[in-house]
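Work through the exercises below with the sequence and the model side by side, and try each task before reading its solution.

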Amino acid sequence: SASNDETVKIWDAETMAEVCSLRGHSDCVRCVAWSPDGQTIASSSKDTSVHLWSKSGEHKGTLKGHKKQVLCVAYSPDGK
């Protein structure tokens with residue numbers, strides 16, 4: 001889930017428990033998307049960046065280049 005508290009949270013859908021909280025954005029997180037293979041999460045933010053995370057919560061990298069907030073992220077169905 002995306003939040004105004006600058007975090008991305010991963011939840012266990014069966015237990016409804018928080019699995020982990022991902023920190024790295026410096027402003028509201030607007031959108032999150034799971035890669036088709038379920039291994040990577042992309043998050044976009046009002047801070048103009050997109051962060052990539054492993055499913056275990058490890059920060060994999062930051063995509064920069066937007067001049068304004070990034071409202072949404074998505075993966076193509078084939079992951080390419």
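**Exercise 1: the sheet**

Task: Determine the strand order of the open sheet and the sense of its pairing.

Solution: The four strands of the open sheet run in the order 3-4-5-6, and their pairing is antiparallel, where strands are DSSP runs of E of at least two residues, numbered from the N terminus, and two strands pair if DSSP finds at least two bridges between them. The edges are held by strand 3 (29-34) and strand 6 (59-63), and because each has a single partner strand, one side of each is left without a neighbour in the sheet. From one strand to the next the twist averages 20°, an angle taken between N-to-C directions on a scale from 0 to 180 degrees, with axes that are lines fitted to C-alpha atoms. As a final step, take one pair in detail: strand 5 (residues 50-54) and strand 6 are joined in the antiparallel sense over four bridges, and in strand 6 it is Leu63 that serves as the bridge partner of Val50.

Before going on, note that this is a predicted model, in which local features need pLDDT of at least 70 and side-chain atom pairs count only at pLDDT 80 or more, while totals for chains, interfaces and linings use all residues. Residues are numbered from 1 along each chain as its sequence is written, and side-chain values use heavy atoms, with hydrogens and water left out.

**Exercise 2: the whole chain**

Task: Describe the secondary structure of the protein and its overall dimensions.

Solution: The protein has zero helices (DSSP runs of H or I, at least four residues) and six strands, which gives the pattern β-β-β-β-β-β along the sequence. The radius of gyration is 12 Å, close to the 12 Å that the globule rule gives for 80 residues, so the protein is as compact as a globular protein of that length; the radius is taken over C-alpha atoms, and the rule is 2.2 Å times the number of residues to the power 0.38. The C-alpha trace spans about 40 × 30 × 20 Å along its principal axes. Of the 80 residues, 34% count as buried, meaning under 20% relative accessible area with a 1.4 Å probe and protein chains only, whereas exposed means over 50% and partly exposed lies in between.

**Exercise 3: cysteines**

Task: Explain why the structure holds zero disulfides, using Cys28 and Cys72.

Solution: A disulfide is a pair of cysteine sulfur atoms within 2.5 Å. For Cys28, the closest cysteine sulfur is that of Cys31, at 14 Å, which is too far for a bond. For Cys72, the closest cysteine sulfur is again in Cys31, and at 3.5 Å it is too far for a bond. The surroundings can then be added: Cys28 counts as buried at 13% relative accessibility, whereas Cys72 is exposed at 53%.

**Exercise 4: two strand residues**

Task: Decide whether Ser45 and Val19 are buried or exposed, and list their contacts.

Solution: Ser45, in strand 4 (residues 40-45), is buried, with a relative accessible area of 0%. A polar atom of the Ser45 side chain lies 2.8 Å from the backbone oxygen of Cys28. Beyond its neighbours within four places in sequence, Ser45 is in contact (heavy atoms within 4.5 Å) with residues including His25, Asp27, Cys28 and Val29. Val19, in strand 2 (residues 17-23), is exposed at 52%, and with the same neighbours within four places left aside, Val19 is in contact with Ile10, Trp11 and Asp12.

Terms used: A polar contact is a pair of N or O atoms within 3.5 Å; within protein, one must be able to donate a hydrogen and the other to accept it, and residues adjacent in sequence count only if both atoms are side-chain atoms.
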